[in-house]
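Here's a quick briefing to read alongside the model. Have the sequence and the 3D view open, and let's walk through a few helices.

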Amino acid sequence: MKATVRLTFMALLVAIGTIGSSFLWFPAGVAKAYPIQHAVNVIAGVLLGPGAAVFIAFTIGVIRNILGIGTLLAFPGGMIGAFLSGYLYKKIRKTWGAGIGEIVGTGLIGSFVSIPIATLLMGKSVGAFAFVPPFLISSVSGVLIACLLLPLLKKTPLGDYYK
């Protein structure tokens, strides 16, 4: 992918992730579900790779926190899920692998990493499994959105980069 196209697509995904999270969210237990963030993670992981996907997830988290529409919990789940999504896609070259990476990275690993962040930085005391159900709901719904969008992206000029 040419550098200009890659950078432009990354900026577009950051914008979609930031704005989309403002409009499409729903309560899910002790946290909120932001499926657009997870869809962006999978799309970035598939089309751009794990490094760019992590950078996009981090940037979205920073912007959402600066704007007051996000929490610190966006960082561990989003970044771990984005990395595993891109990594598994790179290894097995199947979209479902990227989806599994997002679900495991965010829904399981990210939910457990969020516990000390919530306790130490946010002053919230939660049980060991408090974040697992909402993070799983959020990541699964985002993966479903990405699985619907990725075949459509194949038909665009970006589809040339979808291998």
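Helix H2 is mostly covered, with 14 of its 14 residues counted as buried. Keep in mind that this is a predicted model. Beyond H2, two spots deserve a look: Ser 139, over in helix H6, and a nonpolar surface patch to which helix H5 gives the most.

**Helix H2**
- H2 runs over residues 35-48, and its 14 residues reach 19 Å from first C-alpha to last.
- That span is close to the 20 Å expected at 1.5 Å a residue.
- Right after H2 comes Gly 49, which has a positive phi, near 100°.

**Ser 139 in helix H6**
- You'll find Ser 139 in H6, which covers residues 132-154.
- Ser 139 counts as buried because its relative accessibility is 0%, and the cut-off for buried is under 20%.
- Its side chain reaches the backbone oxygen of Leu 136 at 3.2 Å.
- Setting aside neighbours within four places in sequence, Ser 139 is in contact with His 38, Glu 102, Ile 103, Thr 106 and Gly 107.

**The nonpolar patch and helix H5**
- Ile 92, Trp 96, Ile 100, Val 104, Leu 108, Ile 109 and Val 113 make a nonpolar surface patch of about 570 Å².
- Helix H5 (residues 95-120) is the top contributor here, giving six residues to the patch.
- As general background, an α-helix has 3.6 residues a turn, so residues three or four places apart point the same way.
- Trp 96 has its place in H5, and it counts as exposed because its relative accessible area is 57%, with the exposed cut-off at over 50%.

Note on methods. Residues are numbered from 1 along each chain as its sequence is written. This is a predicted model: local features need pLDDT of at least 70, side-chain atom pairs count only at pLDDT 80 or more; totals for chains, interfaces and linings use all residues. Side-chain values use heavy atoms; hydrogens and water are left out. Helices (H or I, at least four residues) and strands (E, at least two) are DSSP runs, numbered from the N terminus. The expected span of a helix is 1.5 Å times one less than its number of residues. Buried means under 20% relative accessible area, exposed over 50%, partly exposed in between (1.4 Å probe, protein chains only). A polar contact is a pair of N or O atoms within 3.5 Å; within protein, one must be able to donate a hydrogen and the other to accept it, and residues adjacent in sequence count only if both atoms are side-chain atoms. Contact means heavy atoms within 4.5 Å. Patches are made of residues with over 30% relative accessible area and no salt bridge: like charges are joined within 9 Å, nonpolar side chains (Val, Leu, Ile, Met, Phe, Trp, Tyr) within 5 Å. Accessible areas come from the Shrake-Rupley method with a 1.4 Å probe; for residues, only the protein chains shown count as cover. A salt bridge is a side-chain nitrogen of Lys or Arg within 4 Å of a carboxyl oxygen of Asp or Glu.
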